Structures are given as structure tokens and as C-alpha cells.
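Trainee: I would like a close look at a single part of this model. Please take it slowly and then set it in its surroundings.

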Amino acid sequence: MASSLSTTFTGLYFVNPFILASAPPTENKRKIMKAFEAGWGGVVTKTIGLHPVENVAGPKTIYQRTSETKPYVSRMKRPDTVSHSSWNWELISDQPLDLWLPDLEEIKTTYPDRMVIASIMAGAGNEEEMDNWRNLAKAVVNVGCDAIELNLSCPHMDRKDMGANVANDEDIIRSILQAVKSAVSVPIWVKLTPANSSLLDGAAAAYEAGAASISLCNTFPSLPLMDPETLKFEVEVDGLVTSGGLGGLAILHQALQRVSDISRAFPDKSISGIGGIRGFREAFNFIVHGAGNLQVCTAAMEEKGSGGVGVKLIQELKEDLSDYLERKGHSSIEEFRGIARERIVEHSQVRRKSDSYNGGFAISA
């Protein structure tokens, strides 16, 4: 049987499972058009909102490199280093909805076979904000967007009723989904924060309320490094910094853990995997843990000469996936998606050196 890169995810046909995540690579029409020309199967737009957005008066994103020589991890430019992570405290799109709408319509008209998922965000706690969710959803769907991703995960919002600040409230998750689903009929993806001890409860609430997929992981809340000589942070404004988001290879293993947790708890539900994908090997690991769709950000942003959209990266991803499918005799990723689930067990189920080991508890008389 011939292999195919195409996938059907949340009822949508993707020419390949690789899409650009909601971030600077999808912040405007020019970048999205270039991404589709390069071969990406879809994009999640930079998050669109209705409230005023103004970013910090300084750098918004940095890239940290690692080396065997000191400093081991730093944004400092030096030879013989490799990518470690990205760090940002960038807010959602500062482009207003009325400018996004004609752009989205042109993008979808130009590339009708590519999936455009609109990331949207509003507040919580009152009916006015629920109306904002509804209005955003209706507006982007009316111009052709194929699905919506609800941003309940941004780790550095300047409002307490938005992003990751509300992602641990199951009632808010349900109310937002109810509002959006009452307004549109396209698939709704819910992007949850990984920094939440009740992640499974939040995912359960989202699925029960009608989410077609959970997207994770967004960047992890974190702080940039301080230089011991200058006492300056590697990114700061007027000497000050606040919580930002860590992404890239540094979060790969933690992202896989969370995808695995949700996939094992809800094996019949869809997951869009994000966090540290730089090539096929990382993407493969998300797939075997249950993800049916792969979102990429940092690796695309770091690719020199691509305009931040990973022109060479998407070709490499497609070629390596195609080669793997053909070598292993798979017709699609569905033939190996989720195969790691049954091999993830409780710690007590892993064989010990001694058959008599009882976990450290004395056997009662």
C-alpha cells in the first residue's frame, strides 16, 4: 500500500500533519502565505483578541544556545553552540480583528487546501466577555477559517482573566466552550497550559464540553538568566523582567509527558502536540504518544533566511516522514500513532533487581 503524508484530524483534511503554532511565524498574512508556499499543512494564527495589546518596550523573544564551554547556556553569541531553547514574553497579536479578517479570507482563498486555524482569546467572568468569544469565533469562521483554537494557555498575560490564568478553572473552560460552540460549528481546539497540576481535569472538562482536540504544550512559565558579571538579565526592560515562556528543545521531554498523560487518560480523543519539535525524531515521539497533529514554532523561527517560517524545516520534516513510512511499510501515521501508550506504566510496575522487593514497607504479621 502506498504511503501518504495526508491526515484527517478533527474532521479536517491536512496535506501533511505539520503546522505552524500560534506565534510570530503566523503573525501576519505575509508570513502565513510564505509558510503555505513552503509546504506547511496548516497554521494556527497568532492569537487574535478584541482588547488593546501593547508589548514591552524592548526585545520580546530571545534564543538560548548551549555549549561545552562556559557559559554553558546563554543567549550570548559564540561559536560551536547548538539550540537550547527560546524565551519570550510576547503578548497576543496587536493587529486588530478588522485587519485580520480580509487577510484571513485572502489566505484561505489562495490556499484552499491548507488548514487555517484561528487562535482567539477573550476574558472570563461575565457575559460581556462570553460575547467577545462568540464574536471573535463568528468573525473568523465567516471569512473561511477551518477551526478555532482557544488560547487558555498563554503564560504571561497582562490580564488576570485571560490565558493560563484561567486554565485551571474547569467552570471557565466549560463556559468558554459553551459560548463558542453556540456561535460556530467548526472544530474547536483548546490550548491548555502545561503548568497546571490539574491538567487532566482541565482536559476532561474541555472534552466533555465539546472540544475536538487539546493542544499542548504551550511554553512553560519561566525566567531568563542573569549574567553574574553585569547583573543584567539576558532580556529585560529598565532592569526589570517578569514571567515569560520557555520553548524549544528544552521543553521536549516535559511536553511528551503531558501529551502522554492526556492520551492515556483519553485514548479516543484528539491531541495536537507542541513543544521542542526540530525534526522527524521529535515529531515521531509525539505521534507514538498519541498526537495526530504536530505544531512547530521555535525551530521555524530560528531558521536563518526563512523569514521565521521554517522553509527548509518543513521540507526536511516531510521528506523524513515519507522515508520512514516507506521503510516501515506504513500507509500513514495512524498505523503507529499511540503505540507507546501501553508501555507507560506506574513506577511500581517496572521490574526490580530483586523479586522480593516490596516497596520499602514491612510485611504486616
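Is Trp87 buried or exposed, and what is its relative accessible area?

Mentor: Keep in mind that this is a predicted model. Trp87 is buried, because its relative accessible area is 1%.

Start with the strand around it. Strand 7 spans residues 82–88. Five of its seven residues are buried, so the rest of the structure largely encloses this strand. In general, side chains in a regular strand alternate between the two faces of the sheet.

Now the neighbours in the sheet. Strand 5, residues 61–66, runs antiparallel to strand 7, and six bridges join the two. Within that pairing, Arg65 stands opposite Ser83. Strand 13, residues 244–247, also pairs with strand 7 in the antiparallel sense, here over three bridges. This pairing involves Trp87 itself: Leu246 of strand 13 stands opposite Trp87.

Next, the ring. Trp87 forms an aromatic pair with Trp89. The centres are 5.6 Å apart, and the planes meet at 55 degrees. That pair is classed as tilted, because edge-to-face requires over 60 degrees. Trp89 counts as buried too, with 6% relative accessibility.

The structure holds 11 aromatic pairs. Another tilted one joins Phe280 and Phe284, with ring centres 5.9 Å apart and planes at 50 degrees. Both residues sit in helix 7. They are four residues apart, so about one helical turn separates them. Phe280 is buried, at 14% relative accessible area. Ring pairs carry on from there: Phe280, Phe284, Tyr324 and Phe336 are linked into a cluster.

Follow helix 7 to its strands. Helix 7, residues 280–288, forms a right-handed β-α-β unit with strand 14 and strand 15. Those two strands pair in the parallel sense over three bridges. Ile274 stands opposite Gln295 of strand 15. Strand 14, residues 270–274, is mostly covered, with four of its five residues buried. Strand 14 also runs parallel to strand 11, residues 213–216, and four bridges join them. There, Ser213 stands opposite Ser270.

Then the nonpolar packing. The largest nonpolar core has 85 residues. Trp40, Ile148, Leu150 and Leu152 have the most contacts inside that core. Take Leu152. Leaving aside residues up to four places away in sequence, Leu152 touches Trp133, Gly163, Ala164, Val166, Ala167, Ile173, Ile176, Val190, Lys191, Leu192 and Thr193. Another core, of nine residues, lies apart from the largest one. Its members include Phe14, Ile19, Ala147 and Trp189.

Last, the cysteines. The structure holds zero disulfides. Consider Cys217. The closest cysteine sulfur, in Cys297, lies 14 Å from the sulfur of Cys217. A disulfide needs the two sulfurs within 2.5 Å, so that distance is too far for a bond. Cys297 is in no disulfide either; its nearest cysteine sulfur belongs to Cys154, 12 Å away. Cys217 counts as buried, at 2% relative accessibility.

Back to your residue. Trp87 is buried, stands opposite Leu246 and pairs with the ring of Trp89.

Conventions:
Residues are numbered from 1 along each chain as its sequence is written. This is a predicted model: local features need pLDDT of at least 70, side-chain atom pairs count only at pLDDT 80 or more; totals for chains, interfaces and linings use all residues. Side-chain values use heavy atoms; hydrogens and water are left out. Buried means under 20% relative accessible area, exposed over 50%, partly exposed in between (1.4 Å probe, protein chains only). Two strands pair if DSSP finds at least two bridges between them. A crossover is right-handed if, with the strands pointing away from the viewer, the path from the first strand over the helix to the second runs clockwise. A nonpolar core is a set of buried Ala, Val, Leu, Ile, Met, Phe, Trp, Tyr and Cys residues joined through side-chain atoms within 4.5 Å. Contact means heavy atoms within 4.5 Å. Rings of Phe, Tyr and Trp (its six-membered ring) pair if their centres lie within 6.5 Å; planes under 30 degrees apart count as stacked, over 60 as edge-to-face and the rest as tilted.
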